[in-house]
Amino acid sequence: MGRIVLNQVAKSFGDTQVIPPLDLAIEDGEFTVFVGPSGCGKSTLLRLIAGLEDITSGHIDIDGVDATNLKPADRKLAMVFQSYALYPHMTVRKNIAFPLKMAGLSAEETNRRVQAAADVLSLTDYLDRRPGQLSGGQRQRVAIGRAIVREPSAFLFDEPLSNLDAALRVGMRLEISELHKRLATTMIYVTHDQVEAMTMADKIVVLQKGLIEQVGSPLELYRSPRNRFVAGFIGSPKMNFIEGAEAAKHNAHCIGVRPEHLEASATEGQWKGVVGVSEHLGSDTFLHVHETGLAPSLTVRASGEFDLAYGDTIYLNPRADSIHRFDAEGVSLGTEQPA
Amino acid sequence: MATQHSRSAARFMMAPAVVLLLGWMLVPLTMTLYFSFKKYLPLRGGDLGWVGFDNYVRFVSSSSFWPSVQTTLVIVGGVLAITLVLGTLLALLLDQPMWGQGIVRILVIAPFFVMPTVSALIWKNMFMDPNYGLFSYLWEFFGAEPIQWMSQASLTSIVIIVSWQWLPFATLILLTAIQSLDSEQLEASEMDGATTIKRFWHIILPHLSRAMTVVLLIQTIFLLSIFAEIFVTTGGAFGSKTLTYLIFQRVLESQNVGLGSAGGVYAIILANIVAIFLMRIVGKNLDK
C-alpha cells in the first residue's frame, strides 16, 4: 500500500509562495520522479509529503488517511537524504536498526530485519563498521537499508545520487530501480538530472517555480511535451529551438527539433550551416552547427563517427514528423502532421 | 612543509617561541624543585641550607594536606558537573531561533569577561551576604532563616561562584558544537520515529561528546589552580582550603618558601594524575 494524494497543497515561506496550490496523485507501487531545475520546489514538495515542513494549505492523503497533520514518524514513509544523514557514532548495524529500536521492536525481530536488509543491499560484511569507514556508494546503501527495514508504505529519495561520482551513479541508479521492482513499493524520487528521471521513472512530474508543468511517463514527455520548458528539459542534448521566419512556415511562433531528429549531410539538405565543435562519443557524434541563420547554434546527433572538421559546411534535414511547434506563450501546438 | 629546506626554515622560525616557552616553564619549575629541598625562611634567617626530603614529609604529614586535596577535587568535580549539564541545556536553548539572538548570546558570554576577584566579591556581598544579600531577602521572604553562605556552606558558595564564571565557556563551546550538527541527521531521526528526548539522547549527545571532552579538559586545567575566588570570599577558612591555597599559605603567610615549594611539586603530581585519568576516560572520544 502506498497511494499518496495531494489536494490543493500549497507552501509559503513568509510572504513568498514557493508552491502554489497543486494537485497530484501518486499511485500505489509507482516510481514517481520529481524533476526540475534547482529552486523549482521539488525538494520542498518532497519534504511536505514527508512531514518535515508544514503545509500552508491543502491536504495530503496517504493510503486514504488524511496525513496533513500527522508527525513524520506516523506517516509510514521512509526517506533517504542527499547527505545520507547516517548517524556517525553508530555502526552500520545500529544505523539500520535505529528506526526499529525507536519503534520498540524486539531484539530478535530487529536482528532478523537488519540481516535481511543487509543481504538485499550486500552490506553483510560492513555491519560492524562506522559510516566514516565506508565509501559513498556503501553509505548510500546503508541509508537505503535504514529506510527499508521499516517496511514503509512509500520511500522518499531526495537527490540521493548527487554526491556520487558518475560511474557509481549509474550503478546505484540500476540498484534503486532493481529494488523498486523487487519491493514494488511506492517510491518518490527527487532529482535535477533528467537522465535519472527518464531511466528510472514510471511517472515523471516536471516542476518549474513550484508549478507542475507536466505529468506523464518518460516517453510521453519525450514525444509530446506540453510546452517549451518540458521540451527543453527532457532529452539530452537539449532540443533545438528555432524562432522567426522558419517557424512561421510551420504556422508556429517557435519550432523545436531534437538533435537526434536532425539528419546531417555533407552535400545536400534543407538547412545549411558551418560545423563548430564536434563531440565524439564513439557511438554518437554531437555536432554544434553555427551560421544557419535560424538560431545561434544547433546541436545535431549523428550516429557513429562523422568526419566533418571544424569550419566545414554541413547540411541539415529535420525529420518532418518530429518538428514540435509552440505558440508565443510556449504552449505546444503538437507536431506537424505531414500533408 | 614538504622539502628539507622548508622544514629547517620552519624549525628556525619556531625556535624563538619554543625557547621562550621552555624558559617560561623550566625556570620556575627548576626554582621550585631547588627551593623544595632547602629550608628557606625569608624573614627568619633566609637560606638555612639543604634539608633533603624534609619539606616533602612535613607538607604531607600536615593535618591540612588531605582535606585540601579533597576540597580541590570537590570544587573541580562540582564545577565540571554543573557547567557541563547547565551548559548543554543552555546551548540547546540558545540554539532555538528567537528574537534578539545575537544580543542574548553576547550577554551569555559576559560573565567570562568579569575578573574572578570582582565576580567573587559581587557574589559574596550582593547575593550571599547574610544581612543585606539578595539571597537573605529571598530566604526571609519565604520566612526562612538566611544562610550564612561563607561559613555554613563555604564550598557550595565557591562552587556556585566558579560555575557562574565558567558556564559561559562551556555553553559557548557546546553551542558551536550543536550548530555544527547536520540538520538532515535530526530530520532523519525524526522520520525514524525518535521523540525529542530520544533525539537528544541518541543523536545530539553523542555529537556533543567531543566538545564535552574539550570543555572537561580545559576547565580541569584551570579549575585545579583557582585561587582568587577563595582568597576574597572565605580566605581559606571553613574547609574551603584547596591545595593551591594551602601552598599560598605556606609560602606567604608562614613565610616558608621551602615547604610551599614542596607543596607545589605535589600539586604538579596531582594535576598530572588527574590529567592521566581524564585522558584515559575521555581519550577514546578524542581519537575518533
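Two residues are in contact here if their C-beta atoms, placed from the backbone, lie within 7 Å. The model shown is predicted.

**Figure 1. Helix α4(A) packs against helices and strands of chain A.** The helix runs over residues 136-148 of chain A. Ten of its 13 residues are buried, so α4(A) is mostly covered. The buried set is A:Arg139, A:Gln140, A:Arg141, A:Val142, A:Ala143, A:Ile144, A:Gly145, A:Arg146, A:Ala147 and A:Ile148. Two strands of chain A, β6 (77-80) and β7 (154-158), pack against these buried residues. Helices α2 (92-102), α3 (107-120) and α5 (166-183) of chain A do so too. The length of α4(A) fits its residue count: 13 residues at 1.5 Å each should span 18 Å, and the end C-alpha atoms are 19 Å apart, which agrees.

**Figure 2. Helices α2(A) and α4(A) cross at roughly 30°.** Their axes come within 7 Å. Because angles under 35 degrees count as roughly parallel, α2(A) is roughly parallel to α4(A). The crossing is right-handed. On the α2(A) side, the contact is made by A:Val92, A:Asn95, A:Ile96, A:Phe98 and A:Pro99. On the α4(A) side, A:Val142, A:Gly145 and A:Arg146 take part. By class, this contact of α2(A) with α4(A) has five nonpolar, two polar and one charged residues. A:Val142, A:Gly145 and A:Arg146 also belong to the buried set of α4(A).

**Figure 3. Chain A as a whole has nine helices and 19 strands.** Its C-alpha atoms fill a box of roughly 75 × 45 × 35 Å, taken along the principal axes. Chain A has 339 residues, and 41% of them count as buried. Many contacts join distant parts of the sequence: among contacts in chain A with a separation of 6 or more, 62% are between residues 24 or more positions apart.

**Figure 4. Helix α3(B) is covered by helices of chain B, among them α8, α10 and α12.** Helix α3(B) spans residues 65-95. Its 31 residues should extend 45 Å at 1.5 Å a residue; the end C-alpha atoms are 44 Å apart, which agrees. The buried residues of α3(B) are B:Ser68, B:Thr71, B:Thr72, B:Ile75, B:Val76, B:Val79, B:Leu80, B:Thr83, B:Gly87, B:Thr88 and B:Ala91. What covers them includes α8 (154-179), α10 and α12 (243-253) of chain B.

**Figure 5. Helices α3(B) and α8(B) pack at an angle of about 40°.** Their axes are 6 Å apart. The two helices are therefore oblique to each other. Their crossing is right-handed. By class, the contact of α3(B) with α8(B) has 20 nonpolar, eight polar and one charged residues. Helix α8(B) is also one of the elements that cover the buried residues of α3(B).

**Figure 6. Chain B touches chain A.** Here 13 residues of chain B are in contact with 15 residues of chain A. Helices α9 (183-191) and α10 (196-223) of chain B each supply at least two residues of the side that touches chain A. The largest share, six residues, comes from α9(B). By class, this side of chain B has five nonpolar, two polar and six charged residues. Helix α10 of chain B appears in Figure 4 as well, where α10 is among the elements covering the buried residues of α3(B).

Methods:
Residues numbered from 1 in each chain as written. Chains lettered and ligands numbered in written order. Predicted model: local features only at pLDDT ≥ 70, side-chain atom pairs only at ≥ 80, totals over all residues. Nonpolar A, V, L, I, M, F, W, Y, C, P; charged D, E, K, R; others polar. Expected span 1.5 Å × (residues − 1). Buried ≥ 20, exposed ≤ 12 C-beta atoms within 10 Å, placed from the backbone. Axes fitted to C-alpha atoms, helices over the stretch in contact; angles between N-to-C directions. Parallel < 35°, antiparallel > 145°, perpendicular 65-115°, else oblique. Left-handed = near helix turned anticlockwise from the far one by under 90°.
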